[in-house]
Amino acid sequence: VFVDQILFCIDPTLIVGMSFGVRVLHVVDVKSWDLQVPRVEVAPVLFLHAQGGGRLAVVGDSADAVLPGARPTKLRQHLKAVERSARRLRREVERILALRLPAPRPISEAYSAVNFALWPAVVERRIVPGQHHVRRFIIETGQHTHFIVDSARYAGCPGHRFADLAPKRRNALGFAVSAPSIEEMTVLTDDSPFHCADNAVRRVKAGNVTPDNRERCGPRSTAVFCEIAGFEHHLCCRTCAFELACAKAKCFAGAGRRCVSVPLTVGAKSRRGR
């Protein structure tokens, strides 16, 4: 719902929590006869948590912002702009409700079978007839205002660069992703601190979630382990809003062993303290 519709949908006295999120638009642009390029646009969402476990997704009037994947400086500016829009949306919601919302709940708290039965973290909306080149997602990101988290702590990880991994035969692909690619489902390019080129991480992300391994995978929104696999395959796990939730799962160990320079819990603690 839009901000001005909130009071039609929920009693303010029943609100027990909130979290941030984004709506994601994944569009395939046709540039020429044989060239299709992915484009990702995002806009902030505020989730109001009601008694009984329900969620109300609230959107503002902010225009969707295009995710720049080839230039890290532009991407960081994008993340800050989306955060400002999300904070502004929260203030607008508080004015309508005439109350101060509690601190956002960490995304890791959402990862329980009970919560997921009511509202998975990632929900794909139905495809609109005639718009099969467009996919729409609603994503709950907890305390983060984007599904990407800017963590300079992992900027030096060798897993970002094809050139560092290829000599060790650890590269996920046989080439560096130098431009946004629909074939590789990514807008994040090689050598960016937000890009992952590691083969072990790629295999874990694409691992199928089955009835036999679901307990080891933990609650998942999709049929594969990576929560954002529907629109991005090469985001570095350390810069993903779902990092801590995924790391709780036993099946993440195969990917986690690659990032040995900085313990996972240290990075998580530093971000929570921001």
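Let me begin with Asp150, which is partly exposed, with a relative accessible area of 21%, and I should say at once that we are looking at a predicted model. Asp150 forms a salt bridge with Arg76, and the closest N and O atoms of that pair are 3.0 Å apart. This contact links distant parts of the chain, since Asp150 sits in the loop between β6 and α4 (162–165) while Arg76 belongs to helix α2, 74 residues apart. Arg76, at 25% relative accessibility, also counts as partly exposed.

Staying with helix α2, which covers residues 72–97, we also find Arg84 there. Arg84 has a relative accessibility of 53%, and because the cut-off for exposed is over 50%, Arg84 counts as exposed. On the surface, Arg84 gathers with Lys80, Arg88, Arg91 and Arg95 in a patch of positive charge.

Now to the strands, beginning with β1, residues 15–32, which is mostly covered, as 13 of its 18 residues are buried. On one side of the pairing list we have β2, residues 35–50, which pairs with β1 in the antiparallel sense over 16 bridges, and the two strands form a hairpin with two residues between them. Within that pairing, Val30 has Gln36 of β2 as its bridge partner. Strand β1 also pairs with β6, residues 134–142, again in the antiparallel sense, over eight bridges; here Gly21 is matched with Glu140, and Val27 with Val134. Strand β6 is itself mostly covered, with seven of its nine residues buried, and three bridges join it, antiparallel, to β5, residues 122–124, where Val122 stands opposite Ile139.

Let me return to the salt bridges, of which a search of the whole structure finds 13. One of them brings us back to β1: Asp64 forms a salt bridge with Arg23, with the closest N and O atoms 3.1 Å apart. That pair, too, links distant parts of the chain, with Asp64 in the loop between β3 (55–59) and β4 (65–66) and Arg23 in strand β1, 41 residues apart. Both partners count as partly exposed, Asp64 at 28% relative accessibility and Arg23 at 24%.

Which residue does Arg170 meet in a salt bridge? The partner is Asp198, at 2.9 Å from N to O. Both residues lie in the loop between α4 and α5 (199–205), so the pair ties together parts that are 28 residues apart in sequence. Asp198 is buried, with a relative accessible area of 3%. Finally, Asp29, Arg39 and Glu41 are joined into one network by salt bridges that share partners.

Key
Residues numbered from 1 in each chain as written. Predicted model: local features only at pLDDT ≥ 70, side-chain atom pairs only at ≥ 80, totals over all residues. Heavy atoms only, no water. Patch = residues over 30% accessible without salt bridge, like charges linked within 9 Å, V, L, I, M, F, W, Y side chains within 5 Å. Areas by Shrake-Rupley, 256 points an atom, 1.4 Å probe, with all protein chains shown as cover. Salt bridge = Lys/Arg side-chain N within 4 Å of Asp/Glu carboxyl O. Lys, Arg positive; Asp, Glu negative; His and termini not counted. Charge placed at Lys NZ, Arg CZ, Asp CG, Glu CD. Helix = DSSP H or I, 4+ residues; strand = E, 2+ residues; numbered from the N terminus. Buried < 20%, exposed > 50% of the residue type's maximum accessible area, 1.4 Å probe, protein only. Pairing = 2+ DSSP bridges.
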